[in-house]
Amino acid sequence: VLIALAIFAVFITAFITAQGYNITDSIEMRSELTLREYAIEKVNETLAYPPELKDSLTLKPETGKFENNENITYSIEWKKFIVPDFEKISGSATEDGGGDEDQSPIQKQIFKVVKDNLEKLIWQVSITVEDSLSQERFTLSTWVSNEKHKVQINGI
């Protein structure tokens with residue numbers, strides 16, 4: 001009887017410990033899914049009604065709280081798309097600033113026009129949602145196109 005009770009005690013202890021971990025994981029998963037849903041909601045709202053995309057958006061993130069849950073806050077951060085130098089992309093840049101001999105003047109001009117247009121046309125929005133009670137965060141980002149920008153091809 002004592003051996004059976006000892007085996008049963010070990011089994012019940014392992015079972016209760018496993019259930020405790022399962023409940024903890026379920027609570028964390030629910031919290032993560034809730035934050036994800038709030039982030040998706042804010043991304044969809046931002047994409048449906050985007051602000052005017054201008055340089056002042058990058059200065060300070062927009063912050064706020066959700067109306068239906070005061071414990072969850074959001075932060076919207078805008079970043080401009082930056083195209084690196086062609087020499088750095090192609091690997092032809094040298095430490096002394098050389099590497100221009102592989103690229104013709106027309107290639108340089110085309111790359112400059114494409115770079116200027118892409119940097120004005122494409123923006124990145126990053127939304128971070130945080131639960132103030134549990135201090136958990138979820139970040140979601142996407143690309144946004146500036147529909148007001150007209151592509152300009154000058155000097156080619």
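**Reading a predicted model, one reason at a time**

Mentor: Let's start at Gln 135, which is found in the loop between strand 3 and strand 4. Keep in mind that this model is predicted.

Trainee: Why does Gln 135 count as exposed?

Mentor: Its relative accessibility is 53%. Exposed means over 50%, so Gln 135 passes that cut-off and counts as exposed.

Trainee: What is notable about the phi of Gln 135?

Mentor: Phi of Gln 135 is near 60°, which is positive although the residue is not glycine. Most residues other than glycine have a negative phi. Gln 135 takes this value in the hairpin of strand 3 and strand 4, where five residues stand between the strands.

Trainee: How do you know that strand 3 and strand 4 pair?

Mentor: Pairing needs at least two bridges. Strand 3 and strand 4 have nine, in the antiparallel sense, so they count as paired. One example is Ile 122, whose bridge partner in strand 4 is Ser 145.

Trainee: What makes the strands a sheet, and in which order do they stand?

Mentor: Four strands form an open sheet in the order 1-2-3-4, with antiparallel pairing. Strand 1 (62-66) and strand 4 (137-145) are the edge strands, since each pairs on one side only. From one strand to the next, the twist averages 20°.

Trainee: How many bridges join strand 1 to strand 2?

Mentor: Five bridges join strand 1 to strand 2 (residues 69-80), and these strands run antiparallel. At least two bridges are needed, so this pair qualifies as well. Phe 66 stands opposite Asn 69 in strand 2, and Glu 62 has Ile 76 as its bridge partner there. The hairpin between the two strands passes through two residues.

Trainee: And how many bridges join strand 2 to strand 3?

Mentor: Nine, again with the strands running antiparallel. Among the facing residues, Lys 79 stands opposite Gln 124 in strand 3, while Glu 77 has Ser 126 as its bridge partner.

Trainee: What makes strand 3 "mostly covered"?

Mentor: Eight of its 10 residues are buried. Buried means under 20% relative accessible area. For the protein, buried residues make up 22% of the 156 residues.

Trainee: Let's turn to the rings. How many aromatic pairs does the structure hold?

Mentor: It holds four aromatic pairs.

Trainee: Why is the pair of Phe 11 and Phe 15 called stacked?

Mentor: The ring centres are 6.3 Å apart and the planes stand at 20°. Rings pair if their centres lie within 6.5 Å, and planes under 30 degrees apart count as stacked. Both values meet these cut-offs, so the pair is stacked. Phe 11 and Phe 15 both lie in helix 1 (residues 2-48), four residues apart, about one turn of the helix.

Trainee: What makes Phe 15 partly exposed?

Mentor: Its relative accessibility is 44%. Partly exposed lies between 20% and 50%, so Phe 15 belongs in that class.

Trainee: How do you know that Phe 81 and Trp 143 form an edge-to-face pair?

Mentor: Their ring centres are 5.6 Å apart, with 85° between the planes. The limit for a pair is 6.5 Å, and planes over 60 degrees apart count as edge-to-face, so this pair fits the name. Phe 81 lies in the loop between strand 2 and helix 2 (86-90) and Trp 143 in strand 4, so the pair ties together parts that are 62 residues apart in sequence. Phe 81 itself is partly exposed, at 23% relative accessible area.

Trainee: What links Tyr 38, Phe 66 and Tyr 74 into a cluster?

Mentor: Ring pairs do.

Trainee: What sits over the ring of Tyr 74?

Mentor: The charged end of Lys 42 does, 4.1 Å from the ring centre. The distance cut-off is 6 Å, so that value is within it.

Trainee: One last topic: where is confidence lowest, and where is it highest?

Mentor: Confidence is lowest in helix 2, at a mean pLDDT of 68, and highest in strand 3, at 93. The protein averages a pLDDT of 85, and 88% of the residues score at least 70. Where pLDDT is low, the predicted coordinates should not be read in detail.

Key:
Residues numbered from 1 in each chain as written. Predicted model: local features only at pLDDT ≥ 70, side-chain atom pairs only at ≥ 80, totals over all residues. Heavy atoms only, no water. Axes fitted to C-alpha atoms, helices over the stretch in contact; angles between N-to-C directions. Phe/Tyr/Trp six-rings, centres within 6.5 Å; stacked < 30°, edge-to-face > 60°. Buried < 20%, exposed > 50% of the residue type's maximum accessible area, 1.4 Å probe, protein only. Lys NZ or Arg CZ within 6 Å of the ring centre and 35° of its normal. pLDDT = per-residue confidence, 0-100.
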